[in-house]
Amino acid sequence: MDVLEINHQVRELEASSKEKEIYVQKVLSYEITRLLDHSTHDIEDYVPSFIINKMLKKNLVVRTPEREVLDLAIDFTVRQILQDLGIPELRRIGISGKDDKSLMSRLMNLPRTKEAFNIVIQVDVSSCCTIGEIEHSIVRKLGLSSSSRQEADELLKSKNFLILLDGFAPGINLYEVGTNWWNSKNIQKIVYRCGSLHRFDPPGVGLGIRLEDHLLSWELFRWNVGEVLHSSSIQCFVIHLLKQCCGHLLATILMARGLKGVNDVRIWEYASHILGLQPISQTEDRILFNALTFLRRGLGSADQCLKHCASYLESSGTNKIDLIGRWVRGTLVGTLEEGEKVVGDLVNAFLLESSQKGNSIRMRPEIHVELINLYETEVNPILVKLDGRGLTEAPKLETWTDVTEMHLMNNKISKLPEYPNCPKLSLLFLQANHHLRVIPPHFFECMPVLKVVDLSQTRIRSLPQSFFKLVQLQKFFLRGCELFMELPQEVGELHYLEVLDLDGTEIITLPVAIGKLTNLTCLKVSFYGYNDSDRKNSQSNRIIPQNWISNLLQLKELSIDVNPNNQGWNVIVNDIVKEICSLAKLEALKLYLPEVVLLNDLRNSLSSLKHFRFTVGRHEQRIISRLPLEAAVKLEEEERCLKYVNGKGVQIEIKQALQHVTTLFLDRHLTLTSLSKFGIGNMENLKFCLLGECNEIQTIVDAGNGGDVLLGSLKYLNLHYMKNLRSIWKGPLCQGSLFSLKSLVLYTCPQLTTIFTLNLLKNLRNLEELVVEDCPEINSIVTHDVPAEDLPLWIYYLPNLKKISLHYLPKLISISSGVPIAPMLEWLSVYDCPSFRTLGLHGGIRNLKVIIGERDWWNALQWKKSEQLWLSNRPSIFVPIERDKDLTTQLAEINYQLPARIQGREPSQQSVGRYLKRIISQLALEVTIKLKEEDKCLKYMNAEDFLIDIYRGTRTCYNVVSGWPFNSYNFGLGNIENLKFRVLGGCNKI
């Protein structure tokens with residue numbers, strides 16, 4: 001379909017049929033017909049005969065084209081030459097046509113030319129009369145003397161060269177130029193420019209290009225577009241449009257037919273823009289696809305008829321009357337006359353073809369293929385995916401016009417276009433653009449079908465009025481927008497809204513008009529902007545309108561997150577709980593309940609809820625949690641979670657709720673001495689148990705007289721900052737208890753002395769990971785009083801344990817006290833355990849892949865002979881820990897690199913960096929986000945002294961400091977009077 005392909009056919013036909021011009025014309029007409037796959041009787045609709053006749057004339061005589069038209073021909077000529085540069089056998093290229101030196105200059109200065117050739121020279125040979133004179137001119141251009149001919153021959157033969165020769169004297173056989181320069185191993189080309197091609201035609205060698213051949217696109221366009229081309233305001237767009245067609249003849253004809261009679265400059269500009277787009281859908285022919293996209297814009301109701309043809313028209317042709325009959329039956333047209341007009345319009349637009357005196361209708365195969373692709377984009381949306389590119393500006397207006405999905409999340413966009421025209425846009429993702437503060441007033445004005453908007457984690461404070469005109473909006477996300485404090489009454493106009501996610505905003509109340517949103521299936525809100533000094537606890541100031549939640553009959557997911565200091569919530573929480581209990585379709589619920597007794601009202605709902613997350617008990621909001629990040633992440637993943645804070649005694653409501661709970665987080669219980677007090681029988685479904693700062697607990701499970709399987713479903717047990725914890729288990733152990741346990745994590749338990757007993761080891765067949773950190777009284781992981789000679793050395797306990805981490809255990813002497821354990825152990829991490837001198841794993845080292853610790857500890861380890869033999873075959877198993885670097889950071893890096901280390905390769909440093917950035921942060925996620933969003937932030941690291949004026953004018957400060965001399969008073973309290981948010985980490989001298 002390309003003009004270059006037709007030109008190639010013309011040249012071949014001329015070379016083989018010089019004697020019979022009439023025969024050539026017939027064959028050429030046939031060849032063009034074949035290339036276009038077009039019926040012979042109406043070939044002139046595509047390539048008129050007078051244009052074919054012009055192509056056949058040796059010395060083409062046409063009117064002198066304007067400068068722009070000549071430039072177009074030169075562009076196409078350069079494009080053809082660039083396509084042929086990679087053909088080694090093609091050494092000489094001849095160009096004929098209007099005497100214009102700009103073509104040679106353009107070839108010489110192309111970056112692709114300079115990359116491909118070592119030598120690129122342009123030589124004027126118009127005054128040369130012999131081959132010798134031409135070659136001498138080339139030698140001189142190389143900077144060599146005429147006597148250096150042999151040197152020049154050797155130079156050119158060893159290089160990739162492009163020699164451009166301008167002008168020739170008649171009668172010179174230019175194929176004799178440079179016969180000593182050719183080397184089949186190199187890319188070597190000579191390009192000639194003259195007024196005729198007849199002297200460049202040895203069979204099988206060289207390529208002749210007539211500049212006028214590349215005016216075919218121009219002639220076809222002129223012929224089809226009609227008189228509108230005479231308009232001076234239109235002419236400036238024509239050349240650019242033809243360049244966008246890139247010599248594609250069918251696209252040229254289609255665009256000309258589509259623009260015939262169009263005088264609006266904006267439509268011509270738009271047509272050129274459409275041609276230059278990169279389609280998102282799969283397409284074999286980008287230019288034809290774009291041309292058809294443009295044409296469909298002007299078809300109106302006829303587009304549905306065209307779509308029918310693309311789906312059902314027979315390739316050999318369909319009877320016109322039958323076709324129109326189908327349209328009438330399918331209500332695509334009303335009458336036969338209307339159908340006749342549509343057929344005529346589509347034929348005139350070159351989208352359909354008629355044959356057999358107009359009685360048969362068919363569609364060109366290439367148009368059929370691209371129309372199918374085009375119509376599929378209505379099912380498979382046009383997607384602009386620019387997420388995570390670091391963009392500081394939104395795409396230009398023209399990019400928004402045809403997209404159905406716009407993905408711009410995770411960028412640095414601070415400004416959006418004022419008035420984008422997006423008639424098809426249905427999904428818009430702008431989340432995590434932390435620099436975005438304001439949305440233009442008319443931004444949403446022309447987005448009539450928008451269904452999903454995500455503005456999460458931006459810094460917007462309000463929504464423009466145009467947003468509330470999105471009458472088809474179904475899902476709206478505004479998560480983590482901490483500067484957003486008020487939801488306008490106009491939100492009630494979004495009648496089709498199904499998902500409203502305001503989690504992490506600072507809104508104070510929900511407007512009364514939100515009661516109109518009765519189609520909501522998911523509602524997430526948070527009230528952290530509440531200020532008790534600004535309001536009284538009256539009905540008119542309710543943070544949630546009364547009786548509204550009970551009217552959300554379609555609601556499946558509800559999350560209400562509040563500041564625990566919010567007195568307004570305490571006033572209405574009883575009413576809210578009663579309303580929630582009336583929601584028959586509710587499946588997921590997140591709620592803060594200041595009083596335990598409120599669980600009574602929810603008791604009947606617990607069994608029907610698939611997911612719930614309750615925080616029970618009055619408490620102060622913590623900016624930084626002592627909970628390790630990995631535990632917090634795991635906690636969020638669980639299905640049915642109960643967090644009980646600042647509890648006292650054993651309440652019946654908690655015991656009843658535990659029967660439905662899979663995750664328990666007991667945070668700072670003030671009186672509990674054992675988890676068993678809640679009734680272990682109530683915890684049959686418990687899979688994840690996290691206890692933190694429960695200072696009165698001395699043992700986790702007190703089995704009493706035993707006999708029952710206890711905690712048989714528990715998979716993860718995490719204990720943190722347990723001041724008086726002595727042991728994990730007390731009393732007899734029934735087979736099956738703790739059988740499912742996979743992970744045991746112990747952090748900062750200063751009185752803990754016993755972890756595993758022999759009886760407990762028998763049940764822990766599925767344990768995979770053990771972490772013990774900062775437990776100063778532990779001297780062995782396994783505690784027993786069985787004499788060494790009586791231990792069963794043929795039985796290995798903890799058969800699935802793969803990972804052991806032992807950190808900050810000053811009294812640790814042994815891991816197993818002589819008991820064979822962990823035959824499948826792969827990871828052993830030991831840090832700051834100065835008394836631990838022997839591994840003592842009794843054969844459990846066979847599968848070890850990495851041992852981590854300080855180098856001094858490693859060098860001081862005492863090895864058995866069998867262990868020394870094993871170690872000699874694994875010289876790289878040890879990975880040292882550096883004391884002056886953060887332990888958590890190093891362990892995370894080693895964990896990520898371990899698979900690559902085992903395979904003997906190095907992981908990507910970039911991927912390691914991404915992993916560490918995601919995993920290692922010890923700050924809670926909400927603190928990290930808060931730091932990013934503050935206006936004036938100072939991060940001060942590794943300071944040895946305090947600095948004068950460091951706080952002045954600073955609103956927010958995040959300090960990671962080593963060696964501060966005294967405390968924060970050293971900075972001067974008067975300098976920090978504006979400070980609103982502050983994080984201190986690693987400040988060991990404070």
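Modeller: A quick term before we start: a residue is called buried when its relative accessible area is under 20%. And keep in mind that this is a predicted model.

Biologist: Fine. Which helices do the buried residues of helix 14 pack against?

Modeller: Helix 14 covers residues 302–312, and its buried residues include Ala302, Cys305, Leu306 and Cys309. Asp303 and His308 are buried there too. The partners of these buried residues are helix 13 (286–297), helix 15 (320–329), helix 16 (336–348) and helix 17 (365–376).

Biologist: And what share of the protein's residues count as buried?

Modeller: The protein has 28 helices and 33 strands. Its exposed area is about 46,400 Å², with 49% of that from carbon and sulfur atoms. Out of 990 residues, the share that counts as buried is 51%.

Biologist: Let's talk sheets. Which strands stand at the edges of the sheet with the order 2-3-4-1-5?

Modeller: That one is an open sheet of 5 strands with parallel pairing. An edge strand has a single partner, so one of its sides is left without a neighbour in the sheet. Here that applies to strand 2 (119–124) and strand 5 (207–210).

Biologist: Which residue is the bridge partner of Ser96 in strand 4?

Modeller: Strand 1 (residues 92–96) and strand 4 (residues 188–194) run parallel, with 5 bridges joining them. For Ser96, the partner in strand 4 is Cys194.

Biologist: At about what angle does helix 7 run to strand 2?

Modeller: Helix 7 takes in residues 131–141. It lies across strand 2 and strand 3 (161–166). Its angle to strand 2 is about 130°.

Biologist: Now the sheet with the order 6-8-7: which residue of strand 8 is the bridge partner of Ser354?

Modeller: This open sheet has 3 strands and antiparallel pairing. Strand 6 (318–319) and strand 7 (353–355) each have a single partner strand, so they stand at the edges. Strand 7 pairs with strand 8 (residues 360–362) over 3 bridges. In strand 8, Ser354 is matched by Ile361.

Biologist: Last one, on confidence. How many contacts does the model have for residues 909–929 beyond four places in sequence?

Modeller: The mean pLDDT of the protein is 78, and 75% of its residues reach 70 or more. Residues 55–65, though, have pLDDT below 50. Where pLDDT is low, the predicted coordinates should not be read in detail. Residues 909–929 also stay under 50, and their count of such contacts in the model is 32.

Notes
Residues numbered from 1 in each chain as written. Predicted model: local features only at pLDDT ≥ 70, side-chain atom pairs only at ≥ 80, totals over all residues. Heavy atoms only, no water. Pairing = 2+ DSSP bridges. Helix = DSSP H or I, 4+ residues; strand = E, 2+ residues; numbered from the N terminus. Buried < 20%, exposed > 50% of the residue type's maximum accessible area, 1.4 Å probe, protein only. Contact = heavy atoms within 4.5 Å. pLDDT = per-residue confidence, 0-100. Areas by Shrake-Rupley, 256 points an atom, 1.4 Å probe, with all protein chains shown as cover. Axes fitted to C-alpha atoms, helices over the stretch in contact; angles between N-to-C directions.
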